[in-house]
Amino acid sequence: MTRASETLAAWLLGLLWILPLAYAGWTAFHPREYSARFVLTAPLTLGNFVEAWNAAPFARYLLNTVLLVALILGVQLVLCTLAAYAFARFEFAGRTAAFLLVLVQLMIMPDVLIVENYQTMSRLGALDTILAIGLPYMASAFGIFLLRQTFKTVPKELDEAARVEGAGPLLTLWKVYVPLARPVYVAYALVSVSYHWNNFLWPLIVTNSVTSRPLTVGLQVFSSTDQGVDWSIITAATLLTSGPLLVAFLLFQRQFVQSFMRAGIR
Amino acid sequence: MTKRSATTSPHVIGWLLLLPAAALLVTFTHYPAVATLYHSLFSTARAGRPAVWVGLENYAAMAADPVFWQSLRNNALFALGTIPTSMALALAMALLVNGKLRGRAFLRLSYFTPTILPMIAVANIWLFFYTPGYGLVDRFVQLLGLPSHNWLGSRDTALACLVVVTVWKEAGFFMIFYLAALQSIAPVLAEAAAIEGAGRWYFFRRVTFPLLMPTTLFVLVNAVINSFRLVDHVVVMTRGGPDNASSLLLYYIYDVGFKFWDTAYAAALTMVLLVVLASVAIGQFLLLDRRIHYR
């Protein structure tokens, strides 16, 4: 293949890949009668977004999603940091076995254990709460693994220096390990936030009211029941639900891509 | 404080640090995995009828359930349809945007953006595309002079439609891993090959591709897991229909467990899914082993 044909192929693929989003954007930002008619003079409007916003409690869904994502990430960071520190720097009995048991979650994710986890939530009386959506994901094997790898690269001398100064294990963790792992924390946070912002099946199963539904479930309820087939409004609602994450991604593109990369190459 | 932490045994500290995460992991990963097996050997408790031991009855029912077999077959086809295509595209994308190219930043963005979108949003957008008569796909087909077609409503095309959506969503995600790996390949290799007069295709086949093997394995494992883990688009686009033609295994579990509330049967179905995922894990382990020997 010559360079020119490669460029052509890359662009064809690129346009094909952006087309669905561009089309959704066209439909959402134009009046209904232009939803599938491409006229350059078609007037732009925000009316579809206003209609969608008013037709369902999206403000509440957005709040729920933000709370959910923040709750999960907050707990994940604490739990995974502690566990990763244990695996990286303490020779305790059963360490290898415990680590293997943690890794089980990389293969058997909470996403597939929906039936039993629903029973557990029901017994805990936690159904239809934001906590119930988050609980199965809070101890993240992926986070533990990622941080363990990072902590292992911290020079032992730094650790010992802190100990000599009189710092206990927790203070050493906080003063030495956590600051050195900052890029990994950022990477993990972006991946976790994207994952849970977008998660759908488990939230769909455990929630059944406006007060706990995240955006993804709200969007599904909205587009499948309330709305019939008004595509202008549905695409507007769709862009609305993905909007905050999409905007964040466009602003911090490099950071996002590098985070996903870093998270992948362990 | 100093004195105490210096003398506390690493066993105690280690386990204390691990405890909070371990408690949650056991409750929401290990316990449910074991409980799935246990509950699959009982009947589903109904009003006034507690669950009773039925042995392998749920599994016998499963073996005789055509919808189960159909879902499993669909899932295999779905995996075969999505994995090679999205991986090949991911590699092609990475190779394309790794070189010097006009508009490289835009292209990377365009390939990667679907990764950031929720699958449910993606499914909604594509649902619009597939609308008979009105959607973009049908209009394109009509432009070619072919008859209008109910893409999602027809047994022959529903699953293929899901495959297309998944490939579109995942290729860009896998691309970044290939891109990272490509950037770690020393440029000296390409220079040496050029001096020796090796063509670009030859270089790719004999040098780049083998060096990408670990990445390929990593992406493959992820792709396989995803093809059994992600059914959001099924819920939005087809609900498994028509006639279960696009039902995937996890979707069928969801249907049985949360529409018919037959939790015992759903547990038996989940066991199949767990066995599939465990085989992937074992397969990965063996492959990884071979790779290390190879080196």
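**Notebook: a buried valine and two helix packings**

I began with A:Val191, which has 20 C-beta neighbours inside 10 Å and therefore counts as buried, the cut-off for that class being 20 or more. I note here that the model I am reading is a predicted one.

I then placed the residue and found A:Val191 within helix 10 of chain A, which covers residues 182-198. Setting aside neighbours within four places in sequence, I found A:Val191 in contact with A:Ser259, A:Phe260 and A:Ala263. I also looked up A:Val257, which is 66 residues from A:Val191 along the chain, and the C-alpha atoms of the two are separated by 9.8 Å.

Turning to chain B, I looked up how helix 4 (residues 66-98) packs with helix 8 (residues 158-183), and found an angle of about 40° with the axes 6 Å apart. That angle makes helix 4 of chain B oblique to helix 8 of chain B, and I recorded their crossing as right-handed. The residues of this contact between helix 4 and helix 8 of chain B divide into 19 nonpolar, 9 polar and 1 charged.

I next took helix 6 of chain B (residues 119-130), whose axis comes within 11 Å of that of helix 8 of chain B and crosses it at roughly 130°. Helix 6 of chain B is therefore oblique to helix 8 of chain B, and the crossing of this pair is right-handed. From helix 6 of chain B, I listed B:Met119, B:Val122, B:Ala123, B:Trp126 and B:Tyr130 as making the contact, and from helix 8 of chain B, I listed B:Cys161, B:Val165 and B:Lys169. By class, I entered 7 nonpolar, no polar and 1 charged residues for the contact of helix 6 with helix 8 of chain B.

Conventions. Residues are numbered from 1 along each chain as its sequence is written. Chains are lettered from A and ligands numbered from 1 in the order in which they are written. This is a predicted model: local features need pLDDT of at least 70, side-chain atom pairs count only at pLDDT 80 or more; totals for chains, interfaces and linings use all residues. Axes are lines fitted to C-alpha atoms, for helices over the stretch in contact, and angles run from 0 to 180 degrees between N-to-C directions. Helices (H or I, at least four residues) and strands (E, at least two) are DSSP runs, numbered from the N terminus. Angles under 35 degrees count as roughly parallel, over 145 as roughly antiparallel, 65 to 115 as roughly perpendicular and the rest as oblique. A crossing is left-handed if the near helix is turned anticlockwise from the far one by less than a right angle, and right-handed if clockwise. Ala, Val, Leu, Ile, Met, Phe, Trp, Tyr, Cys and Pro count as nonpolar, Asp, Glu, Lys and Arg as charged, and the others, Gly among them, as polar. Two residues are in contact if their C-beta atoms, placed from the backbone, lie within 7 Å. A residue is buried if 20 or more other C-beta atoms lie within 10 Å of its own, exposed if 12 or fewer, and partly exposed in between; C-beta atoms are placed from the backbone.
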